[in-house]
Each structure stands twice: as structure tokens, then as C-alpha cells.
Amino acid sequence: MTSAASPSTFTELGLIPELLARLTELEYTQPTPIQAKAIPSILAGSDLIAGANTGSGKTATFALPILQKISQGALKRDTKGNYVSALILVPTRELATQVANNVKSYSAHFNGAIKTVAVFGGVSVNTQMQALRGGADIIVATPGRLLDLISSNAIKLDKVNTLVLDEADRMLSLGFTEELANLLALMPA
Ligand code: AMP
């Protein structure tokens, strides 16, 4: 039996054709429970705390609405400086790469219009600085490297419109509390 209250298709969640086409290609036939619950709220602009196990589809839960808002111009990037519209903070470089790759994959039908950059430590900072020239629509970052790039003026957080703390519990248990506080202080209230 299906429940009328819980959307059972991505179309019912209010996603746009460019995203729906990509989800069909990826063979995502149905939203997972967290996607069905959270995507409409994020599209509506609500703040949200969600808990779900690994493998529950949480990356798409935040990535799809962010991409939709950017493509509709709701999170417009200021290309005059090194600004970013949507910031996704993650605890590890592995997760930064994985989330950025997912976001890029979901963006396939925007014809390169949405710029996503992954930023993490343990690799040369120069390539990341170059990638950030002209800013980015979406940055997926570990806190320490992001702070380094901010101190060298490679990126500014003044125009962040959407913030995601992915695996927030792990970030706090890994001791990122102070870095997170420093980053939050650089964003609009
Ligand atoms: P995540 O929990 O975000 O790490 O996602 C776990 C895996 O599920 C990833 O490989 C996603 O590509 C996949 N996935 C996410 N949402 C769906 C969906 N609605 N249908 C099928 N696969 C999905």
C-alpha cells in the first residue's frame, strides 16, 4: 500500500526536468525516505537537521535542491569576486571528493553552468586556488583547508546563501569545533 502523504516520485517532490532526466539516467526510480521528507522543505527554504544512516541517499537530499535553486537563479553567484553561494562542509577529504563528484554528476544536464569545486587538505593548494578564481556556485570543503584559502583571499564567504554540515556529528568528534566557529563567523547571519 502506498501512503498518499509521502511523495513516491521525484516529480512529486517538485524537482525540475534537468534533474529528473539525470535521476532517470542514474536509475534512481524512487526517492528514499529521507529524500521524500527533506527535499520539499529544502526547496521551500527551510532550515533543517536530518539524521540518516550511510547509504540512505542523504547526499542527493541536499545536493538536488541546492542545484535546483542555483539553476533557477535563487542562489545567484557574484562572479566579480571569489564568492561562493552554497557551502558544503565535510569532515574528511574522501567525503569531499565523493560529495563533489555526486554534485557534479547530478549537474550533468546544466551544460556546465554550475561550478562545483572540492577543497581539502593533503594536496597542493595551488590547483585549488586556481579552481576558485571567479568564485564557485558550490564548494565542498574540509574546514582547515577552507580557512587556509580564505586567509590567502582565494575565496570569500560573505555571500554564502546555503550551508550544509555533512556528517556534523563526525566533524565535532574529530575536533573541528573551533574551525567551524571561525567559518560561521565569516558568513552572513
Ligand atoms: P548516500 O547515502 O548519499 O551516500 O547515497 C548512497 C548511494 O545511494 C549512492 O550510491 C547514491 O548514488 C545512491 N542513491 C541515492 N539516492 C538514490 C535513490 N533515490 N535511488 C537509488 N539510488 C540512490
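In this predicted model, a polar side-chain atom of threonine 59 sits 2.7 Å from an oxygen atom of the ligand. The protein as a whole covers 68% of the 500 Å² of accessible area that the ligand has on its own.

Threonine 59 has company here. The backbone gets involved too: a polar backbone atom of glycine 55 is found 3.1 Å from an oxygen atom of the ligand. Serine 56 also takes part through its backbone, with a polar atom there lying 3.1 Å from a ligand oxygen.

Zooming out a little, who else is around? The shell around the ligand is made up of Phe10, Tyr28, Gln30, Thr32, Gln35, Gly55, Ser56, Gly57, Lys58 and Thr59. Sorted by character, this shell has seven polar residues, two nonpolar ones and a single charged one. As for the spot itself, the ligand takes up the space of the second largest pocket.

Next comes a look at another part of the chain. Helix α8 covers residues 177–185, and alanine 181 is one of the residues in it. Is alanine 181 buried, exposed or partly exposed? With a relative accessible area of 44%, alanine 181 counts as partly exposed, because that label goes to anything between the 20% limit for buried and the 50% limit for exposed. Alanine 181 can also be placed relative to aspartate 166: the two residues are 15 apart along the chain, and their C-alpha atoms are separated by 15 Å.

How values were computed: Residues numbered from 1 in each chain as written. Predicted model: local features only at pLDDT ≥ 70, side-chain atom pairs only at ≥ 80, totals over all residues. Heavy atoms only, no water. Near = heavy atom within 4 Å. Polar contact = N/O pair within 3.5 Å; in protein donor to acceptor, adjacent residues only side chain to side chain. Areas by Shrake-Rupley, 256 points an atom, 1.4 Å probe, with all protein chains shown as cover. 1 Å grid on protein atoms, 1.4 Å probe; cavity = no way out; pocket = protein on both sides within 12 Å on 5 of 7 lines; lining within 4 Å. Sits in = over half its atoms within 2 Å of the grid points. Nonpolar A, V, L, I, M, F, W, Y, C, P; charged D, E, K, R; others polar. Helix = DSSP H or I, 4+ residues; strand = E, 2+ residues; numbered from the N terminus. Buried < 20%, exposed > 50% of the residue type's maximum accessible area, 1.4 Å probe, protein only.
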